[in-house]
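Good morning. I have one structure to go through today, and I will keep to what can be read from it. Please look at the picture first.

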Amino acid sequence: MPETATLSSKFQISIPKAIRTAQHWEAGLTFAFIPKGTGVLLVPVPKREALKGLAKGASATEYRDRSDRL
């Protein structure tokens, strides 16, 4: 059975420990809520330092646009 949590009267949810441990989530982590159908995706927002070098070598001139897709 999947882990569950209950929305409190203050509209707060505690993430179950098994999930926090498996995902290596710690206090102070920021999350984005992305509506998806009748549910919501909960996605941690990466820190700027974690994004450094992510687009290394990317060229702004050689990308595909919607007009050249089949």
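I will start with the whole chain, then turn to an annotated region, and end with three residues.

This is a predicted model, so please keep that in mind throughout. The chain has two helices and two strands. Starting from the N terminus, their order is α-β-β-α.

Now the overall dimensions. How does the radius of gyration of the chain stand against that of a compact globule of 70 residues? The chain has 18 Å, while such a globule would have a value near 11 Å. The C-alpha trace spans about 50 × 30 × 25 Å along its principal axes.

Next, burial and contacts. Of the 70 residues, 3% count as buried. If we take the contacts with a separation of 6 or more, 3% of them come from residues 24 or more positions apart. The accessible surface is about 7200 Å², and carbon and sulfur atoms hold 57% of that.

A word on charge. There are 11 positive and 6 negative charges in the chain, and the mean positions of the two groups lie 7 Å apart.

Now the annotation. In UniProt, an unreviewed entry gives residues 5-50 as "domain: SpoVT-AbrB". Within residues 5-50 the chain is 22% helix and 26% strand. The C-alpha atoms at the two ends of that stretch are 29 Å apart.

On to single residues, beginning with backbone angles. Most residues other than glycine have a negative phi. Two residues here are worth a look with that in mind.

One is Phe 11, with a positive phi near 60°. Phe 11 sits in the segment before helix H1, which covers residues 17-23. Is Phe 11 buried or exposed? Its relative accessibility is 67%, and the cut-off for exposed is over 50%, so Phe 11 counts as exposed.

The other is His 24, whose phi is also positive, near 60°. Where is His 24 found? His 24 is in the loop between H1 and strand S1, and S1 covers residues 31-36. With a relative accessible area of 69%, His 24 is exposed.

The last residue is Pro 44, in strand S2, which is made up of residues 39-44. Pro 44 has a relative accessibility of 31%. Partly exposed means between the 20% and 50% limits, so Pro 44 counts as partly exposed.

Which residues does Pro 44 contact, once neighbours within four places in sequence are left aside? They are Trp 25, Leu 29, Thr 30 and Phe 31. There is also a distance to note: Pro 44 and Gln 23 are 21 residues apart in sequence, and their C-alpha atoms are 9.8 Å apart in space.

To recap, the chain runs α-β-β-α, and 3% of its residues count as buried. Thank you.

Terms used. Residues numbered from 1 in each chain as written. Predicted model: local features only at pLDDT ≥ 70, side-chain atom pairs only at ≥ 80, totals over all residues. Heavy atoms only, no water. Helix = DSSP H or I, 4+ residues; strand = E, 2+ residues; numbered from the N terminus. Rg over C-alpha atoms; globule rule 2.2 N^0.38 Å. Buried < 20%, exposed > 50% of the residue type's maximum accessible area, 1.4 Å probe, protein only. Contact = heavy atoms within 4.5 Å. Areas by Shrake-Rupley, 256 points an atom, 1.4 Å probe, with all protein chains shown as cover. Lys, Arg positive; Asp, Glu negative; His and termini not counted. Charge placed at Lys NZ, Arg CZ, Asp CG, Glu CD. UniProt positions renumbered as here; feature names shortened; annotations may be inferred.
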